[in-house]
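Here is a quick tour of a helical packing problem, written for someone who likes to see the numbers next to the residues. Have a look at the sequence and the model, then read on.

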Amino acid sequence: MARGTVIRDYGGVSAGDRRAARRDKLIAAARRAWGAQGLGAVTVRGVVSEAGLTNRYFYEHFPNRDAVIVAVADQVREEMFTTLVETSMGAEGDVEARLEAALTVFLRGIAEDPERQRILTTEVGQIAGLENRRRETFELLAALILEYGPQVPGFTPVVDAAARRHAQFVVGGVNQVIDGWLAERDIPVEDLARVCTELCMAVTAVGDLR
């Protein structure tokens, strides 16, 4: 067996797969630290220790601490998008029913996962690469409304500048309501999902998105 083959395939696992697995371990370790203790707990030393790796492998994937924090934030954002899209598209009924179903699942996930809640509500403006993430997230959510909306019964938006502004308003407003709820937890998840849905429907009706 050639030496090159041994390097590429060790124990039935390719070098690329091992590298990807190490990256996943580092991100998972950073996510646990951030979710359990806050952003200040994410350090290179702590992450590699928690992941059972060494500094060499950390810097193989990330140039610094900020980079792994960005990776965690992106992972959580991707999970959020996936939950909203898959739930809304998999639910039955009109746009209002699907929106409420998606928001209920999304909010329940935040409420039941303190780790995700802490990550989503952390102020990350001081982290290089995350300065504009909040704005970008709003823009992506607004884009999702316009992209997937036409596939939902009863939702036929006009995709123009005005429609985008209304979609952005919906996303920003719902986010503010959710932020307030995370601090107070004054009503059940299901009630909050209904409130957010009613607000979204009111805005879209006025904005002639439907």
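How many helices and strands are there in the protein? This is a predicted model, and it has 10 helices and two strands. Walk along the sequence and you get the pattern α-β-β-α-α-α-α-α-α-α-α-α.

**The overall numbers**

The protein has 210 residues, and 39% of them are buried. About 11,500 Å² is exposed, with carbon and sulfur atoms supplying 52% of that area. Now take the contacts between residues at least 6 apart in sequence: 70% of these join residues at least 24 apart.

**Helix pairs**

Two packed helices are described by the angle between their axes and the distance between the axes. Here are three pairs from this model.

| Pair | Angle | Axis distance |
|---|---|---|
| α2 (residues 15-37) and α7 (residues 114-121) | about 85° | 7 Å |
| α5 (residues 65-90) and α7 | about 110° | 10 Å |
| α6 (residues 95-112) and α9 | roughly 35° | within 12 Å |

Let's start with α2 and α7, which pack at an angle of about 85°. That angle makes α2 roughly perpendicular to α7, because 65 to 115 degrees is the range for that label. On the α2 side, the contact uses Arg31, Arg32, Trp34, Gly35, Ala36 and Gln37, while α7 brings Pro114, Glu115, Arg116, Arg118 and Ile119. Sorted by class, that contact comes to four nonpolar, two polar and five charged residues.

Next up is α5 against α7, at about 110°. Here too the angle makes the pair roughly perpendicular. The crossing of α5 past α7 is left-handed. Val72, Val76 and Glu79 of α5 make this contact with Arg116, Ile119 and Leu120 of α7. The class count for α5 with α7 is four nonpolar, no polar and two charged residues.

What about α6 and α9? Their axes cross at roughly 35° and come within 12 Å, and α6 passes α9 in a right-handed crossing. Phe106, Leu107, Ile110 and Ala111 in α6 meet Ile178, Trp181 and Leu182 in α9. By class, this contact has seven nonpolar, no polar and no charged residues.

**An arginine in the α2 contact**

Is Arg31 buried or exposed? Arg31, which lies in helix α2, counts as buried because its relative accessibility is 8%, under the 20% cut-off. Setting aside residues up to four places away in sequence, Arg31 touches Val72, Gln75, Val76, Glu79, Asp113, Glu115, Arg116 and Ile119. Among these, Glu115, Arg116 and Ile119 also turn up on the α7 side of the contact with α2, and Val72, Val76 and Glu79 are on the α5 side of the contact with α7.

**Along helix α5**

Which residues does Val70 touch, not counting those up to four places away in sequence? They are Ile127, Ala128, Gly129, Leu130 and Arg133. Val70 sits in helix α5 and is buried, with a relative accessible area of 12%. Its C-alpha atom is 9.1 Å from that of Arg133, although the two are 63 residues apart along the chain.

Ala73 is in α5 as well, and at 17% relative accessible area this residue is buried. Leaving aside neighbours within four places in sequence, Ala73 is in contact with Trp34 and Leu130. Ala73 and Leu130 are 57 residues apart in sequence, with 8.3 Å between their C-alpha atoms. Trp34 also belongs to the α2 side of the contact with α7.

Further along α5 is Phe81, which is buried with a relative accessible area of 11%. From Phe81 to Phe106 the C-alpha distance is 9.3 Å, with their positions 25 residues apart in sequence counted as separation. Phe106 is one of the α6 residues that meet α9.

**One loop residue to check**

Where is Arg185 found? Look in the loop between α9 (161-184) and α10 (189-206). Arg185 has a positive phi of about 50° although it is not a glycine. At 36% relative accessibility, Arg185 counts as partly exposed.

Conventions:
Residues numbered from 1 in each chain as written. Predicted model: local features only at pLDDT ≥ 70, side-chain atom pairs only at ≥ 80, totals over all residues. Heavy atoms only, no water. Axes fitted to C-alpha atoms, helices over the stretch in contact; angles between N-to-C directions. Helix = DSSP H or I, 4+ residues; strand = E, 2+ residues; numbered from the N terminus. Parallel < 35°, antiparallel > 145°, perpendicular 65-115°, else oblique. Contact = heavy atoms within 4.5 Å. Nonpolar A, V, L, I, M, F, W, Y, C, P; charged D, E, K, R; others polar. Buried < 20%, exposed > 50% of the residue type's maximum accessible area, 1.4 Å probe, protein only. Areas by Shrake-Rupley, 256 points an atom, 1.4 Å probe, with all protein chains shown as cover. Left-handed = near helix turned anticlockwise from the far one by under 90°.
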